[in-house]
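Student: Please show me the model, and then let us work through some questions on it.

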Amino acid sequence: MLLGAPGVGKGTQAEMLCAKVGACHLSTGDIFRAAKALDEYERTPALTSALHCMRRGELVSDETVLALIAERVGCLKCEGGFLLDGFPRTVAQAEALEALLSKNRLQLDAVISYDLPIEKIVSRLSGRRTCPQCKAVFHIEALPPKVEGVCDHCGAKLYQREDDRPESVRVRMQAYETSTAPLAEFYKVRGLLRSVSAEGIPEEICARTLQILVNGSKPNSKAFSSLR
Ligand code: AMP
């Protein structure tokens with residue numbers, strides 16, 4: 001599980017880690033963004049309300065998020081393991097996940113908490129540009145595309161996520177402090193929390209994360225045995 005404030009780079013790390021360990025990437029944020037492409041009549045009222053919350057930077061209700069996770073319980077049983085990114089975001093979600101894992105006799109190997117100073121978080125979020133097609137992530141200063149505004153990989157026009165705009169970023173940071181930051185303690189007392197610095201380029205952060213996973217996960221963890 002990846003924890004950390006919005007903008008620390010959880011999504012990028014999730015992609016890189018899944019490519020290395022062959023796990024199934026489960027991102028509730030990606031699920032909501034994919035739902036934006038649906039026509040109005042294809043969305044349930046709960047999904048429409050979730051998309052309004054997301055646009056404003058607010059958290060979607062636990063009920064809606066948990067219903068989505070229940071529909072995707074198959075991902076948690078993936079042969080290569082699973083990697084949770086952006087879920088859980090509240091203690092209630094973490095408790096529900098704990099019950100779901102125990103019911104399915106699954107275990108969480110580690111919870112990575114990415115740390116980054118607030119000024120770097122704000123700069124990462126405001127400069128982030130995303131490809132709507134292949135989901136590649138760029139940064140206008142730290143990782144600019146070869147041609148401004150165009151994805152290096154598939155040529156699609158890059159966009160700024162609605163919730164990366166300053167007014168939504170403020171709301172997201174507040175929601176993080178109030179609802180998500182307490183999860184660090186939740187997993188610390190369960191002996192699962194591993195802190196990782198999110199400073200530097202994605203490859204460095206990924207190497208740091210793998211090192212911690214290999215050295216710090218439970219010895220019987222299947223997911224990282226191939227990396228040991
Ligand atoms: P992310 O891509 O993880 O930053 O998520 C983008 C947005 O989706 C968040 O700002 C929330 O509005 C919504 N969201 C994603 N995951 C959750 C969750 N587990 N609980 C509540 N809201 C969520």
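Student: Where does Met1 lie, and is Met1 buried or exposed?

Tutor: This is a predicted model, in which local features need pLDDT of at least 70, side-chain atom pairs count only at pLDDT 80 or more, and totals for chains, interfaces and linings use all residues. Residues are numbered from 1 along each chain as its sequence is written, and side-chain values use heavy atoms, with hydrogens and water left out. Met1 lies in the segment before strand 1 (strands are DSSP runs of E, at least two residues, and helices runs of H or I, at least four, numbered from the N terminus). Its relative accessible area is 7%, so Met1 is buried (under 20% relative accessible area, against over 50% for exposed and partly exposed in between; 1.4 Å probe, protein chains only).

Student: What separates the C-alpha atoms of Met1 and Lys188?

Tutor: Along the chain, Met1 and Lys188 are 187 residues apart. Tyr187 is among the residues that Met1 touches (heavy atoms within 4.5 Å). The C-alpha separation of Met1 and Lys188 is 13 Å.

Student: Which element gives the largest share of the largest nonpolar core?

Tutor: A nonpolar core is a set of buried Ala, Val, Leu, Ile, Met, Phe, Trp, Tyr and Cys residues joined through side-chain atoms within 4.5 Å. The largest has 30 residues, and Met1, Phe32, Leu84, Leu108, Val111 and Tyr187 touch the most other members. Elements giving two or more residues include helix 2 (28-35), helix 4 (62-71) and helix 9. The largest share, five residues, is from helix 3.

Terms used. Lists of a residue's contacts leave out its neighbours within four places in sequence.
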